[in-house]
Amino acid sequence: MPAGIKPLEKFLKKQTSALSRAGGFGDKVGSGGPRRRTSVSRVLPFFRDLSPESAQPPREVFSPDAEETPSWHPGPVSGAPAAASSSSSSRSDSRSPSLSSDEQSALEGSLETPTTATAAWGEAPLAPDTPENLVLALLDSVTASKRQSGSCAEILLDDFMLTHPIFLSADKLQQVLLKEFRADRKSREGCRGFDSADRKQAVLSVAFRYLKMYRHLLQDEGEKSHTFPKELCACVVQDLARYPELVEEVLKLQRWTEILQDQALEESDSKKPVRPLFRHFRRVDACLQPREAFRGSDEIFCRVYTPDHSYVTIRSRLSSSVQEILALVSEKLQYSEEQEGQQGAMVLVAVTSSGEKAVFRPSEDSVFTTLGVNTHLFACEPERLGALVPLPEEIHWSPGDSRLHDMSAEEVANQLLAFDWELFSCVHEVEFVRYVFRGEEARWRPLNLELVLQRCSEVQHWVGTEILQCQSLPKRGQLLRKFIKIAALCKQNQDLLSFLSVVLGLNNPALSRLRQTWEGLPSKFKKQFQQLESISDPSRNHKSYRDLLSSLRPPIIPFTPLLLKDLTFLHESSKTFHGPLVNFEKMHKVAEMVRTIRRYRSSPPNLDTDSTPSYLQTKAFVRQLQVIDNQNLLFNMSYKLEPKDT
């Protein structure tokens, strides 16, 4: 019988605050703590100490809102030696408050590469500076690259584009670029010898890279999305008489304006189809469609329940605020303003299958993707919060045989790969940055990344649900062997997301305590599972997993929570700002990690397609997993199968 992975439990507990961000999953009822967004500990709930036999209270986690951030001492604003000194000083103080000393030293080693910021650029890294001055330094570098070959400016440009939402809003960036393009001077301080034509070309290069990288995210801007290219195009047209070489750039900007205008029209179309999330209505025809990236402007159907478990179905944008959602609910319930005043303003509450409640603030938005697998939205008056209980289907279960008996492990693993690849491909690169860096600039929500994390939780609980619902000991053994096969095939397919999710699901305490079930496992499968389980060993900062990952070539679907752990370490190990100055060396390291994710997705997997009934049934099954995520209920099921005294 395998033992639980205690170190991994500790790691995921430590990520509770580090991987959260403002404005999302609400406070628990009666709690006065800070607001928290979805975190790995919520996405992978059973990594907390959930055993009913445990009397230990949940471990307190570090809160960046309550403790001082690690110090970062910036060097002088200009001068390479001073910047290098600042770099070494910041590294010496790199300590992450959410990691233990052993984990920190291991993670520092795994992130330490010969290619530092200085080596990658071939020159001293950008010294700490204000956001506006960093834009000017970027333009200087791009201008210089027009006259000499080299990749330094390309790396710097990519660093800036991937990380600028952390320290510079899109509106401010657009304003600086327009201002620099309109400036008409032969030279400027720090960029001597470059004429206005070179400078304007550099501004246009940066603008085109911005439009290319953020094209799909700009869909949420509506009419505002094409204002920037349109205004920039007008500026270029005015300068064509003096700079005829810019005529091609005018045509490009006109095409960009048309593209973004067409996107805005599509977004405003009232006939735009409503898209399903994971568990909305469980329509087979919808789940068989290829997944596409979600945007805040996309509309979904969602059920919002009342205390008596009746519900209304609303049609809402993903980015809708809680206040807007409650207005739709009131309209469906046909509440007049007078009735609302008499009964008190309604609140929106998330109720999990275990009965936990979280109340959302009216100003919060994009709450749909933060919900757990079997979490439902309720609307009620504040005085009725105590009457909210989970839906009956979430707290009762019925035993039965699993449909997995009729499916081959190969078919299931291939369908897991196909669906995971669709989900992982939908995540925009900047979502990884926005999920970890919780700044005031929250323009684009990491909706698709939150769905990938939700999938982690779903697959893990699916493993326990399937086995614990099976009453026959021999059939439980068959399912156990099948899941071990599925895990091995996921590893072979380089789908590490489902691979680790299945392995960790098999280590669910409610499942790992089934002594009779595990003792009946043939020695061949026991040995195979031990080998697979060793890859999930978190010692030395998950060295076994990282060694496996480094030996693979794209396409790869990594275990996303560990990606976020590494980004969190970078975030906590040094300050992003010191006063008005931006630590751009830190931005370079963050961008390097995002480029690693880009490499994982540089080529698509070879996926087989079929239209046979069995293929479509397996595909629909994998994309709409029926799971129990109430850990207490899973333990009750486990005790009925094998009581404590057996």
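This is a walk through a predicted model, from the overall fold to a few places worth a look.

Let us begin with the whole chain. The protein has 646 residues, and buried residues make up 55% of them. Its secondary structure comprises 28 helices and eight strands. When we consider contacts with a separation of 6 or more, 75% of those in the protein come from residues 24 or more positions apart.

With that background, turn to strand β4, which covers residues 347-351. Five of its five residues are buried, leaving the strand mostly covered. If you look at one side of β4, you will find Val-347, Val-349 and Val-351; on the other side sit Leu-348 and Ala-350, and both of these faces are covered.

What are the partners of this strand? One is β6 (residues 376-380), which runs antiparallel to β4 and is joined to it by five bridges. Within this pairing, Leu-348 has Ala-379 of β6 as its bridge partner. The other is β5, which pairs with β4 over three bridges, again in the antiparallel sense. Here you can pick out Val-349 of β4, which stands opposite Val-359 in β5. Leu-348 and Val-349 therefore make handy markers as you follow the two pairings, since Leu-348 is buried on one face and Val-349 on the other. Between β4 and β5, the hairpin has five residues, and one of them, Gly-355, takes a positive phi near 95°.

Stay with that loop for a moment, as Thr-352 also has its place between β4 (347-351) and β5 (357-359). Is Thr-352 buried or exposed? Its relative accessibility is 12%, and because the cut-off for buried is under 20%, Thr-352 counts as buried. Leaving aside residues up to four places away in sequence, Thr-352 touches Asn-374, Thr-375 and Pro-390.

Now for the helices, and two pairs of them in particular. Helix α17 (residues 429-436) packs with α18 at an angle of about 80°, their axes lying 8 Å apart. At that angle, α17 and α18 are therefore roughly perpendicular to each other. On the α17 side of the contact you will find Glu-431, Phe-432 and Tyr-435, which meet Leu-447, Asn-448, Leu-449, Glu-450 and Leu-453 in α18.

The second pair is made of α24 (residues 539-550) and α25 (residues 560-573), which pack at an angle of about 135° with axes 12 Å apart. These two helices are therefore oblique to each other, and their crossing is left-handed. The residues that meet are Asn-541, His-542, Tyr-545 and Arg-546 from α24, and Leu-562, Lys-565 and Asp-566 from α25.

We finish at helix α28, spanning residues 631-641, where eight of the eleven residues are buried. Those buried residues are Gln-631, Leu-633, Leu-634, Phe-635, Met-637, Ser-638, Tyr-639 and Leu-641. What do they pack against? Their neighbours are α15 (392-395), α18 (447-468), α19 (473-492) and α21 (509-512). Helix α18, then, is a partner of α28 as well as of α17. At the N-terminal end of α28, Asn-630 serves as the cap, with a side-chain oxygen 3.1 Å from the backbone nitrogen of Asn-632.

Note on methods:
Residues are numbered from 1 along each chain as its sequence is written. This is a predicted model: local features need pLDDT of at least 70, side-chain atom pairs count only at pLDDT 80 or more; totals for chains, interfaces and linings use all residues. Side-chain values use heavy atoms; hydrogens and water are left out. Buried means under 20% relative accessible area, exposed over 50%, partly exposed in between (1.4 Å probe, protein chains only). Helices (H or I, at least four residues) and strands (E, at least two) are DSSP runs, numbered from the N terminus. Contact means heavy atoms within 4.5 Å. A polar contact is a pair of N or O atoms within 3.5 Å; within protein, one must be able to donate a hydrogen and the other to accept it, and residues adjacent in sequence count only if both atoms are side-chain atoms. Two strands pair if DSSP finds at least two bridges between them. Axes are lines fitted to C-alpha atoms, for helices over the stretch in contact, and angles run from 0 to 180 degrees between N-to-C directions. Angles under 35 degrees count as roughly parallel, over 145 as roughly antiparallel, 65 to 115 as roughly perpendicular and the rest as oblique. A crossing is left-handed if the near helix is turned anticlockwise from the far one by less than a right angle, and right-handed if clockwise.
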